[in-house]
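Here's a quick briefing for anyone opening this structure for the first time. Have a look, then read on for one helix and two hollow spaces.

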Amino acid sequence: MQVIFPARGQPACWTVLSIFSLACIYCAAAAHAQNLEIRYNLLELPSARQAQVDFSKPVFATVDQQPLGRCLVELARTYQVSLWLDRRVDRSRIVSYDGQSHKPAGDDSALARLRAIAKLGEADAGLIENVLYVGPADQVAAVQYAAIRLHDEISQTARTAQLQALAWEELTTPTELLAQIQSQWQVSCVAELPHDLMHAGQLPTSTLATQLTLLCAGFELQAHRATEGNMVLEALDQTTVWQANYLRKDVQTQQFVNARRDFPGATATIQNGLAVITGPTDFHLRLLTPNRPTPRETKELKFSIPKINAPLAKILGDMSKQLGMQLEWDRRITESQKDSLLTFGVPEPRSLAEVLKILSSTSGLVIERREQTILVGPDEP
C-alpha cells in the first residue's frame, strides 16, 4: 500500500482533495471519450460508402452569374448526386465559379466543387450518408454529427439498418413532411415544426437518421431517440467531434499527416489492427474516401457539364485550368469569335475528346486536344 504524505506546510486534507479532484478529472475524461464513441457508424453503411465514391469523382464545373440555389441543383442533377439545401441558405445569391477556388488545392471532385460554390454564397456543405447537405457555414459539422449520433441510437435496438426513399410534393410544409416520415417509418414524434413551404423534392434510399436530421436542421433542431419507436426533437447540439474504430484496410493511413494538419486537434492512430479516429465528420470522411488518380493520370477522364451561357473564351479558359492544360488560340481566331456567347452543356458523362467535339460543333470552330494543350483553330477545309 502506498501512502502519500502532504508537502511541508500543506494540510493533509489538501492532498486528499487533490487526489479526489484528479480522480474526478480522469473519470470525466473517460466518460467524455465514451460519449464520443460511435458503435453503429452511419459512414460505413453501403449507401454512405457508395456516396463517398460518387462524390470523389473528378468533374468539370463553371458557373457564370447564376443564382446559388439553381446552379447547385443543376450541378447535383448533372453529377447524379443528392442535395439538400437548408432553408436558411440564400438561394437567390448570384455567384460565379471558375473551378479554381477550392481546398485542398488540386481537388477537383464533385464534393470539392459543390462545396466551393456553396462557400461563395456564405454557406458550406458536408456529406450526410448519401446526401450533400448545404447549410450555414458554422452549422454543417454539428448537423453531420446529429445524424451520426441519431443513427447510432436507433441502431442500438434495430441493429440492422433500414433504408427508404422519400419524396414530397410542391408546397409541402415541414410538419406534413415530418408526418410522412413518421408514417413511412412507423415511428412517433409528437412535434410541430414552424410553418414553411417547401419545393417538391426527393431523397435517395437512406436512413431514418439522415431524413429526420436534414428536415430538422433548418430549424436548428435535431431528433433524439427517446424509446424504441419514439423520437423527440431538441435544440441542435453543437458537438462536432466523435470517435469510431475502423478496420485498418478501410482507412487511407497515408493521409494521416495531411488530414491532421487540416483538422487541428483531430487524431488518428492504429491499435491492434484497428484505426481509431477522433474528429469531426469531415476528418473521418477524409480518411475513408478511396484514393483516386488525378486527371493527368487518368487515361480517359469522363465528365459532364451542366448547361451554361458564357463566352467561348471563358468556357475553354475554365476548362483548361481545371484540367491543368494549356489553351492555345490560332492567330486567325478573332476577338469576336473568342467572346461569342454560347449555350453549352453535356448532360451525360463523355470523354474530353467527345466534349471538345460537341463544343466545336456549337462554336463553329475546330477545338481539339494535343497532349496537354487544347488547340482552337478555324473550321477550314
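A pocket, on a 1 Å grid over the protein atoms alone, is an open set of points with protein on both sides within 12 Å along at least five of seven lines, and its lining residues have an atom within 4 Å of a point. This is a predicted model, where local features need pLDDT of at least 70, side-chain atom pairs count only at pLDDT 80 or more, and totals for chains, interfaces and linings use all residues. Residues are numbered from 1 along each chain as its sequence is written, and side-chain values use heavy atoms, with hydrogens and water left out.

**The second largest pocket**
- About 890 Å³ of space sits in this pocket.
- Its lining has 33 residues, and L83, W84, W168, G201 and Q202 lie nearest the centre.
- Sorted by type, the lining residues come out as 18 nonpolar, 9 polar and 6 charged.

**The second largest cavity**
- A cavity is a set of grid points where a 1.4 Å probe fits but cannot get out.
- The whole structure has 2 cavities of 30 Å³ or more, and the second largest holds about 30 Å³.
- You'll find T62, V63, Q66, C71, E74, L75, P306, K307 and I308 lining that one.
- β1 (63-67), α3 (68-79) and β13 (302-311) each give two or more residues to this lining.

**Helix α2**
- In α2 (residues 46-54), S47, A48, A51 and Q52 are buried (under 20% relative accessible area, 1.4 Å probe, protein chains only).
- These residues are on the same side of α2 because they cover an arc of only 140° around the axis, taken from the directions from the axis to the C-beta atoms.
- They pack against β4 (123-128), β7 (201-206) and α9 (281-288) (contact means heavy atoms within 4.5 Å).

Technical notes. Buried means under 20% relative accessible area, exposed over 50%, partly exposed in between (1.4 Å probe, protein chains only). Helices (H or I, at least four residues) and strands (E, at least two) are DSSP runs, numbered from the N terminus. Grid points are joined across faces, edges and corners, and a volume is the space filled by probe spheres set on the points. Ala, Val, Leu, Ile, Met, Phe, Trp, Tyr, Cys and Pro count as nonpolar, Asp, Glu, Lys and Arg as charged, and the others, Gly among them, as polar.
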